[in-house]
Amino acid sequence: MKNKLLGVMFGAALVLGACGGGGNNASDNGNGSTADVDAEKVYQASCASCHGGNLEGRGTAPALANIGSELSEAEIRDIIENGTPNGMPGGLIKGEELDAVAKWLSEKK
């Protein structure tokens, strides 16, 4: 009986594992950002509380409305990923969302 149960469980694991897919359905739209990430939506959820809903800046958080004319996409990505010594925490956005937001902000000129 134990062997049958073990066989059924093993078979189920194989079937479910095969149906799971690759997990990454994001497609590159040709300009380096993933089509499935809404950068503005991620910004609103993760950044707007400090930088303002319209990129206007608040308190010590700088305005980002023209950040693309001051910093490159790579520099913006680095700041989001690692934070700054003057108060911005790093790691608030990760992975494809980080890439998409960095690209989106770099286009703000």
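Of the 109 residues in this protein, 26% count as buried. The model is a predicted one, and the protein is built from five helices with zero strands. Read from the N terminus on, the elements simply go α-α-α-α-α. As for contacts between residues at least 6 apart in sequence, 48% of them join residues at least 24 apart.

Next comes the inside of the protein. The largest nonpolar core has 18 residues, and the ones touching the most other members are Y43, I80, I93, V101 and L105. Three elements give two or more residues to this core: α2 (39-46), α4 (73-82) and α5 (95-106). Of these, α5 provides the largest share, with six residues.

Y43 is a good place to zoom in. With a relative accessibility of just 1%, Y43 counts as buried, because the cut-off for that label is under 20%. Setting aside residues up to four places away in sequence, Y43 touches A48, H51, G52, G53, L55, L64, V101 and W104. The last of these partners, W104, is buried too, at a relative accessible area of 14%.

Y43 also turns up in the aromatic pairing. A pair of aromatic rings is described by two things, namely how far apart the centres are and the angle between the planes. The structure holds one such pair. Its rings belong to Y43 and W104, with centres 5.5 Å apart and planes at 50°, so the pair is tilted. Since Y43 sits in helix α2 and W104 in helix α5, the pair ties together parts that lie 61 residues apart in sequence.

Right beside Y43 in the sequence is V42, which lies in helix α2. At 8% relative accessibility, V42 counts as buried. Leaving out neighbours within four places in sequence, V42 is in contact with V37, C47, I93, E97 and V101. One of those partners, E97, is 55 residues away from V42 along the chain, yet the C-alpha atoms of V42 and E97 are separated by 6.9 Å.

The loop between α3 and α4 has its own points of interest. L55 is located there, and at 10% relative accessibility L55 counts as buried. Most residues other than glycine have a negative phi. L55 goes the other way, with a positive phi of about 65° although it is not a glycine. G57 is found in the loop between α3 and α4 as well. Its relative accessibility is 16%, so G57 counts as buried. Not counting residues up to four places away in sequence, G57 touches C50, H51, G52, P62 and A63.

That leaves the empty space. Rolling a probe the size of a water molecule over the atoms shows where such space is left. In this model, the largest pocket holds about 530 Å³ of space. It is lined by 24 residues, and the closest to the pocket's centre are H51, A61, P62, I79 and M88. At least two residues of the lining come from each of α2, α3 (48-51) and α4. Sorted by type, the lining of the largest pocket has 16 nonpolar residues, seven polar ones and one charged one. H51 links several parts of this picture: H51 is among the residues closest to the centre of the pocket, is touched by Y43 and is touched by G57.

Definitions and conventions: Residues are numbered from 1 along each chain as its sequence is written. This is a predicted model: local features need pLDDT of at least 70, side-chain atom pairs count only at pLDDT 80 or more; totals for chains, interfaces and linings use all residues. Side-chain values use heavy atoms; hydrogens and water are left out. A nonpolar core is a set of buried Ala, Val, Leu, Ile, Met, Phe, Trp, Tyr and Cys residues joined through side-chain atoms within 4.5 Å. Buried means under 20% relative accessible area, exposed over 50%, partly exposed in between (1.4 Å probe, protein chains only). Helices (H or I, at least four residues) and strands (E, at least two) are DSSP runs, numbered from the N terminus. Contact means heavy atoms within 4.5 Å. Rings of Phe, Tyr and Trp (its six-membered ring) pair if their centres lie within 6.5 Å; planes under 30 degrees apart count as stacked, over 60 as edge-to-face and the rest as tilted. On a 1 Å grid over the protein atoms alone, a cavity is a set of points where a 1.4 Å probe fits but cannot get out, and a pocket is an open set with protein on both sides within 12 Å along at least five of seven lines; lining residues have an atom within 4 Å of a point. Grid points are joined across faces, edges and corners, and a volume is the space filled by probe spheres set on the points. Ala, Val, Leu, Ile, Met, Phe, Trp, Tyr, Cys and Pro count as nonpolar, Asp, Glu, Lys and Arg as charged, and the others, Gly among them, as polar.
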